[in-house]
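Biologist: Could you take me through this structure? I have not looked at it before.

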Amino acid sequence: MAKLIAKTPCGDTLPKTIGNVTLSEVLIDHMWSVAPYKRREKAVATALGATLPKPNRFTTKGDMRLIWAGQGVTLVIADRLPDMTDLAAVSDQSDAWAVVAVEGEDAAEVLARLVPIDLRRATFKTGHTARTMLGHMTATITRTGANRLEVMVMRSMAGTLVHDLTRAATLFAGRG
């Protein structure tokens with residue numbers, strides 16, 4: 001019988017530091033897509049014990065993180081999810097995403113080479129999130145700290161994400 005070896009989405013390609021930017025994989029054990037049924041948003045928030053995020057924002061409650069993921073959809077990162085059978089459409093997303101933290105003084109400038117939105121701290125503050133394009137991939141970018149942004153792409157695009165981020169950081173670090 002073959003022995004299977006579990007691998008993270010980015011495998012052994014991270015972490016790496018280029019210039020003053022560090023790229024590191026963020027491991028997510030449990031994540032769900034939660035789309036409340038019509039007029040059930042408050043009941044979902046009550047079941048979660050947390051406020052659902054407004055568009056382009058994320059919120060936290062203890063160890064739980066709730067990320068706006070589009071109209072009427074929230075990604076919930078937590079150890080467990082209460083039963084919401086009658087409240088929302090729920091889909092396990094635990095193995096669907098690759099998440100990379102881009103951290104350092106020039107993190108936003110490195111990402112500026114890949115995304116069409118302004119990620120500078122004055123505009124894209126801690127607590128902001130955006131669904132956007134990164135190169136040719138759909139991505140969710142969340143600012144989790146002054147010099148830290150987390151980039152989420154579909155797991156199948158993890159290698160491309162690491163390649164594109166590495167190239168952008170290398171080109172930025174090598175500027176005159």
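Modeller: We can begin with the whole chain and then turn to one helix; please note that the model is predicted.

Biologist: How many helices and strands are there?
Modeller: The protein chain has three helices and 11 strands. In sequence order they run β-β-β-α-β-β-β-β-β-α-β-β-β-α.

Biologist: What is the radius of gyration, and what would a compact globule have?
Modeller: The protein chain has 17 Å, which agrees with the value near 16 Å for a compact globule of 176 residues. The C-alpha trace spans about 55 × 55 × 30 Å along its principal axes.

Biologist: What share of the residues is buried?
Modeller: Buried residues account for 47% of the 176. Of the contacts with a separation of 6 or more, 61% join residues 24 or more positions apart.

Biologist: Now to helix H1. Which of its residues are buried?
Modeller: H1 covers residues 41-48, and its buried residues are Val44, Ala45 and Leu48. Seen down the helix axis, these fall within an arc of 100 degrees, so they line one face of H1.

Biologist: Why would residues a few places apart share a face?
Modeller: An α-helix has 3.6 residues a turn, so residues three or four places apart point the same way.

Biologist: Which strands do the buried residues of H1 pack against?
Modeller: They pack against strands E3 (31-36), E5 (64-70), E6 (73-77) and E7 (88-92).

Biologist: And which exposed residues are on the face turned away?
Modeller: That face carries Lys42 and Thr46.

Biologist: What follows H1?
Modeller: Gly49 follows H1, with a positive phi near 75 degrees.

How values were computed:
Residues numbered from 1 in each chain as written. Predicted model: local features only at pLDDT ≥ 70, side-chain atom pairs only at ≥ 80, totals over all residues. Heavy atoms only, no water. Helix = DSSP H or I, 4+ residues; strand = E, 2+ residues; numbered from the N terminus. Rg over C-alpha atoms; globule rule 2.2 N^0.38 Å. Buried < 20%, exposed > 50% of the residue type's maximum accessible area, 1.4 Å probe, protein only. Contact = heavy atoms within 4.5 Å. Arc of directions from axis to C-beta.
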